[in-house]
Amino acid sequence: MDEAALLIAATLNAGTVLAFAALGLLINERAGIVNLGAEGLMLVAAVAGFATAVHTGSDWLGFAAGAGAGALLAALFGLLVIWLNTNQYASGLALSLFGTGFSAFAGIRYTQEKLSERPHFEIPILADLPVVGPAFFQQHPMVYLAIALTVGLGVFLYRSRAGLVLRAVGESPESAHALGYPVRRIRLAAVMAGGALCGVAGAYLSVIYTPLWVEGMVAGKGWIALALTTFATWRPARVLLGAYLFGGVTMLQFHLQGRGVELPSQFLTMLPYVATIVVLVLISRNATWIRVNMPASLGKPFHPG
Amino acid sequence: MLRLEPRPQPSALMSWASPLIALAITVAVGVALFLLLGKDPVRGLQVFFVEPLKNAYAWSELGVKAVPLILIALGLALCFRSNVWNIGAEGQFILGALAGGGVAMQAGADSSRLIVPVILLAGTLGGMLWAGLTALLRDRFNANEILVSLMLVYVADMLLSYLVYGPWRDPDGYNFPQTIRFAVPTAIPRLVDGLRVNAGVWLAAAAVALLWVYLARIYSGFQLQVGGLAPAAARYAGFSSRGSLWTALLVSGGMAGLAGALEAAGPLGQLTPHVPAGYGFAAIIVAFVGRLHPLGIVCSGLLMSQFYIGGELAQSRLGLPKSITGVFQGLLLFALLACDTLIHYRLRWRAKKAG
């Protein structure tokens, strides 16, 4: 039973990284922008967050630095695709390639650094419950924050006027423009918010989850987060579930390794990537369903007037 | 204030000038970066732009890195022109190296030299297989090719790692994760004794010519480009978008696989976990900076190769991390995309409108 509790706890922890990133990308995509630069954003944010945490000793400043780095890079990407109408795929790739190089360059002197002992959190009373306690109530506050963010984002998108405008900008920027909404500025805000959340994900990864800086440490999580928004047909709650599912797959790999399963470790490491392909195939098979749920102007440039 | 104004027609001048402006911007940022890091910027520029060209040995090394970049980028250009986003060339490169390396391992010291074409063919098929998987999932199940091809990079990387740590490990290799060194007859013939540059140069040159002919003179190449530029027009004309998808992915996969086999049987001479050197990703930049045009790709491939060598020299001469190459590569693509705006728009000073 204890083992199950630990596995659940680890799953939630791993899922949180994906959840922050995928929720951020969801905001982008709801505004009609695909950001293939998520991987690069997360890497740069991971360095920024880790370095800040090392120098200041504060994890929370680390997260803030990650969010700031993410928002800044996303703003650069946003200026290119929103104002200069560059191809979104190519610009996102540029961001990913730049982020990979830049993070390796900037992070080189942090590869040997260690953070002070990682704090342990528990929620009073609940944490002492058998099984459930260690599984759900001894997590880092960010794990709960991810859940709160999911709820908040759901309310924002479907229950607020601002959310309606954001969705309108992603569905039909022409109509939103005709109604007098500043489409470009709204898109930029969405891109920056998404970048900030990807940044939080990267910083959580390097400051809490791993906690180390290793070159290329995001290891495809940015891309998996991109796939998650499709899996979830652009719904926040489903994004969170998907993130936990993939967190579970990641953890399963370590769990099986720990149990001495007779399978070379490389095949276990492949699991999350293969799972992404399999789920992508299962979900995408029904092209109509994807088309109905996808923001109608996703990836398309918008030229006002 | 500065405004963008649409041009009546795309500027031919700017489509030539934009990569050069982008390079100038990258160099300017580079100089700023060197100053910021307290390094002599003149020395920095020398390391990137003069030293990689200074003698025969340097030119040979330039060729060694430019060949895989150009081969892969040519295939990717075909993909991007047909609006197929294959970004998993790195994985196809690895599979090519695995397939080619697998054949090379069978050779002995007395094998015939004819094994070289077999190695290259195996590599090409390996890359095609990996890209074909992406094409199949896209075609049959509508799965996004960007994500599938990228995920397959990680899978290929793990496959390589499994083989060199496991069944293919050299029993006499002191437990290092590497295969045996391939027998002498498998080596790709070198152009000049003592220099590493090999016959891959001729293959790359042939590929440049073939792609140019295919894009400019062959009907199927035309169909493929129409499909990329105007899918509706292509459908109306009855061009098969499935055909284009498969062609683009199989050709680019094959090219990346060929590059992988050339690398394995050429400069490497064995398989190690370090086979993937990022050529598959850098080639995306090469393809775009080369305007998706075969001749442009030759220039940008050489430039990118120079960046690689410059990065290595910057490490040994200036004490900068090698990863500075990645920074400049990413910057170059960013700058290019921004400059490309000037093909369709021009900058105009205009007074701010009242109200």
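**A guided tour of chains A and B**

With 19 C-beta neighbours inside 10 Å, B:Arg291 counts as partly exposed, because a residue must have 20 or more such neighbours to be buried. The model in the viewer is a predicted one. Select B:Arg291 and display its backbone: the residue lies in the loop that joins H11 to helix H12 (294–318) of chain B. Its phi is positive, about 60°, although the residue is not a glycine. For context, most residues other than glycine have a negative phi.

Next, go to chain A and select A:Trp234, which sits in the loop between H10 and H11 of that chain. A:Trp234 also has a positive phi of about 60° without being a glycine. Is A:Trp234 buried or exposed? It has 21 C-beta neighbours inside 10 Å, so A:Trp234 counts as buried.

Keep that loop in view and add the helices on either side of it. Helix H10 (residues 221–231) of chain A packs on helix H11 (residues 236–258) of chain A at an angle of about 130°, and their axes are 9 Å apart. H10(A) is therefore oblique to H11(A). The crossing by which H10(A) passes H11(A) is right-handed. To see the contact itself, select A:Ile224, A:Leu228, A:Thr229 and A:Phe231 from H10(A), which meet A:Val239, A:Gly242, A:Ala243 and A:Phe246 from H11(A). By class, the residues of this contact are 6 nonpolar, 2 polar and no charged.

Now show both chains together. Contacts between them involve 37 residues of chain B and 37 residues of chain A. On the chain B side, the elements that give two or more residues are helix H5 (115–141), helix H6 (145–165), helix H11 (279–289) and helix H13 (324–344). Colour H13(B) separately: it supplies the largest share of the side of chain B that touches chain A, namely 13 residues. Colouring that side by class gives 26 nonpolar, 10 polar and 1 charged residues.

For the final stop, select strand S1 (residues 2–6) of chain B together with S2(B); the two pair in the antiparallel sense over 5 bridges. Which residue of S2(B) stands opposite B:Leu4? The partner is B:Leu347. Then select all of strand S2 (residues 345–349) of chain B: of its 5 residues the number buried is 0, so the strand lies largely in the open.

Definitions and conventions
Residues numbered from 1 in each chain as written. Chains lettered and ligands numbered in written order. Predicted model: local features only at pLDDT ≥ 70, side-chain atom pairs only at ≥ 80, totals over all residues. Buried ≥ 20, exposed ≤ 12 C-beta atoms within 10 Å, placed from the backbone. Helix = DSSP H or I, 4+ residues; strand = E, 2+ residues; numbered from the N terminus. Pairing = 2+ DSSP bridges. Contact = placed C-beta atoms within 7 Å. Nonpolar A, V, L, I, M, F, W, Y, C, P; charged D, E, K, R; others polar. Axes fitted to C-alpha atoms, helices over the stretch in contact; angles between N-to-C directions. Parallel < 35°, antiparallel > 145°, perpendicular 65-115°, else oblique. Left-handed = near helix turned anticlockwise from the far one by under 90°.
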